[in-house]
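User: I've got the model open and want to go through how its contacts and labels are justified. Can you take me through the reasoning?

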Amino acid sequence: MFGLNKKDTSLFFLVLLLVVLAPFLLNPFPEGSELAQFNAGYPDLMQRFLIFGIFAIGFNILFGLTGYLSFGHAAFLGVGSYAGVWMMKLLTMNVIPAIFMSVVFAGLFSLLVGYISLRRSGIYFSILTLAFAQMSFSLAYSVLTPITNGETGLQLALDDPRILGVSSENGAIPAANFFGIPMRESFELSMGGWLFTFNAGYYLCAVVMMIAFYVAIRIFRSPFGMMLRAVKSNQQRMNFTGLNSRPYTLAAFVISGMYAGLAGGLMVAMDPLAGAERMQWTASGEVVLMTILGGAGTLIGPVLGAGFIKYCENIFSKINDNILYDWFAALPQGLADFLVFVIHPFIGKGWHLTLGIMFMLIVIFLPGGIMEGVERIGRLFKRKSSKDENSTARPKAAPAE
Amino acid sequence: MDAILLQILNGLDKGSAYALIALGLTLIFGTLGVVNFAHGALFMIGAFCAVTLSRLLSLSFVTIDETQKDFLGNPLKVETPYVEAWFGPETGAAIIDWSVPLAILFSIPIMALVGLLMERGLIKYFYKRPHADQILVTFGLAIVLQEIIKYFFGANPIPTPAPDVFAGSLDFGAMLGMDPNIIIYPYWRIVYFLFAAVIIGAVFAFLQFTTFGMVVRAGMADRSTVGLLGINIDKRFTVMFALAAVVAGLAGVMYAPINSPNYHMGMDFLVLSFVVVVVGGMGSLPGAVLAGFLLGILESFASMAQVVALLPGINQIIIYLVAIVILLTRPRGLMGRKGVMES
Amino acid sequence: MSLIRKPLNRRSILRAGALGGSALAMPTIFTSRAWSAGYLNEPTGATVTLGFNVPQTGPYADEGADELRAYQLAVEHLNGEGDGGMLNTFSSKALKGNGILGKKVEYVTGDTQTKSDAARASAKSMIEKDGAIMITGGSSSGVAVAVQALCQEAGVIFMAGLTHSNDTTGKDKKANGFRHFFNSYMSGAALAPVLKNAYGDDRKAYHLTADYNWGYTTEQAVRESTESLGWETVETVKTPLAATDFSAYITPVLQSDADVLVLNHYGGNMVNSLTNAVQFGLRDKQVNGKNFEIIVPLYSRLMAKGAGENVKGIFGSTNWHWSLQDEGSKAFVQSFGQKYGFPPSQAAHTTYVQALLYADACERAGTFNPCGVVEALEGFEFDGLGNGKTLYRAEDHQCFKDVLVVKGKENPSSAFDLLEIVEVTPAAQVTYPPDHPQFAGGALGTCNPGA
Amino acid sequence: MEILRVEGVNKSFGGLRALNDVNFSVEEGTVQAIIGPNGAGKSTFLNCLIGRLVPDTGSVMFGDISLTGMKPYEINQIGISRVFQTPEIFGDLTLMENIMIPALAKRDGEFKLHAFADVGKDTEVRDKALHMLEDVGLVEKKDMVADSLSRGDKRRLELAMCLSQDPKLLLLDEPTAGMSRADTNNTIDLLKRIGDRGITKVVIEHDMHVVFSLADKVTVLAQGAIIAEGKPEDIKGDPRVQEAYLGGAHL
């Protein structure tokens, strides 16, 4: 369907189903239960899952396929965000022009950075991209303050022109909207003890992300995608095969830069503020981690990696000792104290520690990332159902799956 | 003129810190082929060795002074360090005062042990893995190490002063017959520079003049061949990792009085030292040292008000700008070899 | 204009656990229109949830931890536990120690990471997921401004934590946001007379300024007030936020004929630049026949601790200090010290006070509705919270109160006794008109109840 | 007709003269072998032909196109393919993909942003790839990852990759090095069959058996210079060749 083969079509529909039903799936615990702390089904986090999913899918087109490890992709996300906010300040609060300009600006910036950085490969390429991103961050934070509003981040104001819209509505900044549907609009469904939130912004993200995902599948299955994998596999051979690897890598770089810009545009569409920190090297590092954690070169892995990191960041950081005591309320005081003492370093302000340990565990035991884990479980399952079937066609997981 | 002289001094000082970290980083990369994102954390642990020792030395017993009150109005608890009780107040105070230089001795075994544990416990399983995996696992390790330090020492910087004799500054200007107070430079920073020079010299001498060093250098050039000679190169590489950890740790110990140590100082230096290593050329020890000093001096010059007035923001980006220019004109950095880290 | 949430509080359902029977098994659909009458996150159960959004990771984590301690203490006092702290000294007697408006106070915590993005994400999750009715905390102006804007859009109250930039209640002020902490202008205004007394009116100042918004406003404030004394500003240099070694910025000071160095730095920047400046022997220097002096416009005890010996004798300003002897401060120090074993920082003080002020405003307004709270806070005059008589000005939602000028103590008697109060500058002296040029631009807009 | 003409090519590395005034030409449709002792400059010579190295002086003409200054992919695009001494293949791609890439390069040129086409539905290229794999006897392994092949199979794969481009000139650098006798014979057969298609070939080879069963003409390179050239049987008897190359021993 849609020009996808059977397997990809089922993957596509599986992802679609997960995304559509995410408000249910991410809120598995009844509202008010102690485990509700682990619910992730609120609009902001669900939007973030998708937005960073898009970012990681795009990054994976570059890193997963060509093997070029960019340490500067956050800069494109940042540029996209700034372009988006400026559109909202100058033109209209409709998010479509903002998102569109985000992609355009990120694309142009990545063309510039890519054109220069791709003159080198390996770690030299990584350092070049890192240098560009860090320069963008430092300048955005300081001297470019008139354009970026520096430390605070670029935000909307009551006196912005918004020539196609209104500057203010009843003393408030108008809400970001999609042809009149405010992004913040939600409706809530309460069933038994459960509460599910369906947010307009989330579903806009969902549509965009499904398009982005579809495009990524097409790229993966295209001759272009094959060429990108050839770059990773043996660039030498590629050149002696009559293929000019530079435009291929540059195209991949720009496409992934545009994905980053798209993510940046969606971010400001959901929450109209662009902070300089989203260009910092740690932010670039984050998308690298997302991709590797999920499984570089796999279609859906980077999205899982993005979800994993954002979940840790937003859920673990909010658990505090009080909540721990609530959980262990049924236990004897001494035991509860002990458990809180043991868990304390890993939650709240210790969420970085948890994240660091998770990184290490996953890399050590699942070199192929979360997708390898999924695959292993899948294989276990398969072996049980049909023991005699042995498929040795591909000894290792082929990168495209 | 004096301004330029001063900025060169500053650059040398900053450069020595970059060079020391980059030296260890490139040593690990050159010998083990591992991209170690936890190297900044080793620098940070070194600095905290100094903090720990000064805390250990000032371990105190408490006596209650009824004549004074604390902030809650309770009798004041007066803490007296054990060393002062044992060695008398003056000697004791002197020992505490000298805790940073003493920490050099204290940190060597600790850093060697940390390096050994890291290599044997984790890094050795990653020799054959892609660089991306190495980056991820060492980055995870760096986070874990820094969070552990934060758990015990907090997030605030901890003042760790140099011994009193090194307080104050040397007046170069007066020595050269200029007016006093024109070119002055803190004693401790001069000590730091000399110390860095000695360490760098020692590492080079070790690699140049010992058989051990020779084998390691050969291993850096071509690992498989040395392996074929029947030399157990792995064991030597473990030692090299520990050595790199000690170098980073010593850099950290001596840096503690210059900037009060905090738990994220490693990350602050990490990115810069990677840039330094790459600008120097991956796997080149002299390159790392050269690039460290070069970038340190350029950074100092770019911070001058006159330069910033001309090019706003240049002080923020100079290192990256130089890195880009060098990498575009010299594809493998200043002294890099062909074929390292390019695939 | 709505960020809808069902007006049921998570905790309230928990407490009423038995309710989960057939009555709730029927799906209920809430749409935006169904709730347009009320306001966002209206607490209907027996509890009310506040969101404490403080830096738990990153360079200001210790300050954030102290803020969190203060919030926990405030919650205890509001709920009638502990010794009541400043509730006993607070001039308004609306709070009765039975929660707020009879509802028990509960809280959720989050990590701002001292990044605008992360702080907003964290605040949003408190609003959307946990149903927080008010967000408070933070340890930098960038975060405060970003979260304040979010709260304005979402329709909850924001009670700023430690934020010192003029912009928070200047060009970035918002109707739903309130700041108790003082600001750059006040620092300058309070410091200037003291500096004149101590160092005379013929001085040449050299500014090192952190290269971001807060640095800019502080530099401007200190410059303007010292220049009006007759001081000359020789040079102002911006230093990168990421800088750790300031030697390259300190050495040119030696070359200039400046005799005062002003460090418009905060946090790690300040610790490092001050340490470096002292290392370079600036304070032993004689220029123009005067002793060279260093000034740190914004001081905090936690930073002073980081800089160690180097703070001795250095002037700066601070919002509050535990050694104040008024009844409010004593009560707060007493209950904080009893609970945690050390005296509170100014960050702890301002956040504690903000929590109390919010609760009190709700009581007086008789509602949690943000618009009611705004009305109750605007123009509110109070006393007994540690800074003397204080006014929450209606025009910009800034508190006007006494400002402390402090100096690094020469002979500290304990690890906390690092600063001594030199002067308590009366509120009148630091008050400025709402349209003062340093605060130009921006508008409060109208309060947003979010529904 | 001459398909390749090399005139006065010199190449030095530092002080070492790797190629010394080499003049060389290949007739269309023939098989020309280059032999010579180790370090004679054979591989350097091939590298100069495909743009991996740029000669210091001299000219390389392919038909009437000068190859000097052309990029490797441009040289390939005009019809020169090369099989390397150690197989250069796309190790972590499947055999099918390994062949489809050169086939696509041949059809679509050095760069095409065919990001929305489906590689699985490109029957033209797939059929060609299958056909090539059949030709080299690897068709049943078509979905395996190339790295998992034996060394001999890798060489055959690389050969198939080059052949899928229908090159005008095929350069082979020791196509049978390290192969068993049986594999070598298979490869000779294969190369002979390609001969039927009229592809001109330049072969560097150590194995005299291969040289003499394939070559129409043999060029002997020693210390960077051509010392003899002629039909295989003439070369066999040339004393200079035996001296330089075989150290005086008789074949």
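Analyst: Sure. In this predicted model, 30 residues of chain A are in contact with 35 residues of chain D.

User: What makes a residue of chain A count as being in contact with chain D?

Analyst: The cut-off is a C-beta to C-beta distance within 7 Å, and 30 residues of chain A meet it against 35 of chain D. On the chain A side, α7 (200-221), α8 (223-233), α9 (235-240) and α10 (245-270) each supply at least two residues. The most come from α8(A), with seven.

User: What is the chemical make-up of that side of chain A?

Analyst: It splits into 14 nonpolar, ten polar and six charged residues.

User: Which pair of chains shares the most contacts?

Analyst: Chains A and C, out of four pairs in contact. There, 51 residues of chain C meet 46 residues of chain A. Several elements of chain C supply at least two residues each, among them α2 (61-78), β3 (104-111) and α6 (213-227). Top of the list is α3(C), giving seven residues. By class, the chain C side has 22 nonpolar, 16 polar and 13 charged residues.

User: How do you know that chain B and chain D do not touch?

Analyst: Their nearest C-alpha atoms are 14 Å apart, and no residue pair between chain B and chain D counts as a contact. Chains C and D have no contact either, with their closest C-alpha atoms 34 Å apart.

User: Why are α1(B) and α7(C) called roughly antiparallel?

Analyst: Look at the crossing angle. The axes of α1 (residues 2-32) of chain B and α7 (residues 247-255) of chain C come within 9 Å and cross at roughly 155°. Anything over 145 degrees counts as roughly antiparallel, so this pair of helices gets that label. The crossing of α1(B) and α7(C) is also right-handed.

User: Which residues meet where α1(B) and α7(C) cross?

Analyst: From α1(B) you have B:D2, B:A3, B:L6, B:Q7, B:N10 and B:D13, and from α7(C) there are C:S247, C:A248, C:T251, C:P252 and C:Q255. Sorted by class, the residues of this contact are four nonpolar, five polar and two charged.

User: Moving within chain C, why is C:K407 called partly exposed?

Analyst: Count the C-beta neighbours inside 10 Å: C:K407 has 19. Buried would take 20 or more, and exposed would take 12 or fewer, so C:K407 lands in between and counts as partly exposed.

User: Where is C:K407, and what does it touch?

Analyst: C:K407 is in strand β17 (residues 403-408) of chain C. Leaving out residues up to four places away in sequence, C:K407 touches C:G313, C:I314, C:F315, C:L419, C:E420 and C:V422. C:I314 is 93 residues away in sequence, but the two C-alpha atoms are 5.2 Å apart in space.

User: What makes β14 and β16 of chain C edge strands?

Analyst: The order in this open sheet of three strands is β14-β15-β16, with antiparallel pairing. β14 (380-382) and β16 (399-400) each have a single partner strand, so one side of each has no neighbour in the sheet.

User: And how do you know that β15(C) and β16(C) pair?

Analyst: Pairing takes at least two bridges, and β15 (residues 390-392) and β16(C) have two, in the antiparallel sense. You can find C:L391 opposite C:F400 in β16(C).

Key. Residues are numbered from 1 along each chain as its sequence is written. Chains are lettered from A and ligands numbered from 1 in the order in which they are written. This is a predicted model: local features need pLDDT of at least 70, side-chain atom pairs count only at pLDDT 80 or more; totals for chains, interfaces and linings use all residues. Axes are lines fitted to C-alpha atoms, for helices over the stretch in contact, and angles run from 0 to 180 degrees between N-to-C directions. Helices (H or I, at least four residues) and strands (E, at least two) are DSSP runs, numbered from the N terminus. Angles under 35 degrees count as roughly parallel, over 145 as roughly antiparallel, 65 to 115 as roughly perpendicular and the rest as oblique. A crossing is left-handed if the near helix is turned anticlockwise from the far one by less than a right angle, and right-handed if clockwise. Two residues are in contact if their C-beta atoms, placed from the backbone, lie within 7 Å. Ala, Val, Leu, Ile, Met, Phe, Trp, Tyr, Cys and Pro count as nonpolar, Asp, Glu, Lys and Arg as charged, and the others, Gly among them, as polar.
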